[in-house]
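Welcome, and please have your viewer ready. We will walk around the ligand one selection at a time.

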Amino acid sequence: MSYAMVVSAPGGVENFRRVTRDIPQPGPGEVTLRQMAIGLNYIDVYFRSGLYPWPVSDDLIPGSEGAGVVEVVGEGVDLAPGTRVAYTLPNGAYASHRVIAADQLVPIPDDISDETAAAVMLKGLTVHYLIQHSFPAREGDTVLFHAAAGGVGLLAGQWLNALGVRVIGTAGGPQKCLLAKAHGYDHVIDYRTQDFVEETLRLTEGKGVQAVYDSVGAVTLVKSLDVLERFGTLVSFGQSSGPALEFRVNDLARGSLNLTRPTLFHHTARPGWLHSASADLFAMLRSGAVKVEIGQRFALEDVAKAHVALEARKTTGSTVLCP
Ligand code: NDP
């Protein structure tokens, strides 16, 4: 038997329910994975709560990142049972076993653990496209990255630092600021007690930054424009505090600013990108330049508690669910 944590309608964490089922069997081009670790992400909250459109006609199994062992192989699949693999794909991950398309799987190098792979696929590939595509940050640039102590934030600080970028972060509270400082950030602003616009301008001697990576949304997005230098880029890639409803296109006119609102799954759909970007990500981990900080672990059956902690800003780094 296998089990999954499902929600039957958009809403609060009380909607989570454990469902047992037969181990699902793969069709052509698919495999059945025995899942070893599942990554928790803010996108799981957006789907569970209904901020993002409900993607299925019945029960939803949330979760978009995981690692496991190939158990059963469907027709036409060139992967041996026993192979350790990782993936990032919207929804379906909160389960002890799952069926998944083989072309979405990336073999995990022997020296990277299942937990690390599960904690880094969605978040690390996000950092990859943010800093190489959305705004390609270069040595000597100064950028601002919000929610620096979060899952994406801790990876981004280290990766940007390795590129020689001066990186300013924001985080909620002194402990989170210290943690971000230990993960590549040159300066971290506690935006619960300090005005991040004033502080960023002070740290850059009034010049501002070349780019802001903003996943906080409602409470930061419009203010983020105030710290951009002329021709700077605002990368809006999330809304953990809610959508920024008061944003107007004309706000960009103050400095001929650029705005992009990217999403990871448009990048993973680009031919060849998933495998080449995963190779880059694993190389960064193996070089030691980027380390994965798993701040907390929950049993998969306790996923409701994990969502509560994430929404209450109580987590740091990555969170892993253990089936
Ligand atoms: P995090 O671990 O970063 O958790 C979210 C953090 O946001 C919190 O810890 C908190 O940090 C901060 N935050 C600020 N205001 C609020 C609020 N009102 N409620 C809750 N949190 C708040 O999550 P992830 O690493 O999973 O994701 C980070 C962001 O990146 C999310 O917005 C997510 O949607 C986005 N994302 C976007 C992707 C894309 O392709 N577009 C892909 C992956 C992630 P603090 O206390 O320090 O303020």
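Start with the ligand and Tyr42: a polar backbone atom of Tyr42 is 3.0 Å from a ligand oxygen, a polar contact (a pair of N or O atoms within 3.5 Å). This is a predicted model, where local features need pLDDT of at least 70, side-chain atom pairs count only at pLDDT 80 or more, and totals for chains, interfaces and linings use all residues. Numbering runs from 1 along each chain as its sequence is written, and side-chain values use heavy atoms, leaving out hydrogens and water.

Next, select Ser215, where a backbone N or O atom lies 3.0 Å from an oxygen of the ligand. Then pick Arg313: an N or O atom of its side chain is 2.7 Å from a ligand oxygen. The protein covers 92% of the 900 Å² of accessible area that the ligand has on its own (Shrake-Rupley method, 1.4 Å probe).

Now show the whole shell, 28 residues with a heavy atom within 4 Å of the ligand. Among the closest are Tyr129, Lys176 and Tyr191.

Colour helix H2 (114–134; a DSSP run of H or I, at least four residues). H2 gives the largest share of the shell, three residues.

Finally, colour by domain (bounds from an automatic or database assignment). Domain 1 (2–121 + 265–322) and domain 2 (139–261) both give residues to the shell, so the ligand lies between them.

Key
A polar contact is a pair of N or O atoms within 3.5 Å; within protein, one must be able to donate a hydrogen and the other to accept it, and residues adjacent in sequence count only if both atoms are side-chain atoms. Helices (H or I, at least four residues) and strands (E, at least two) are DSSP runs, numbered from the N terminus.
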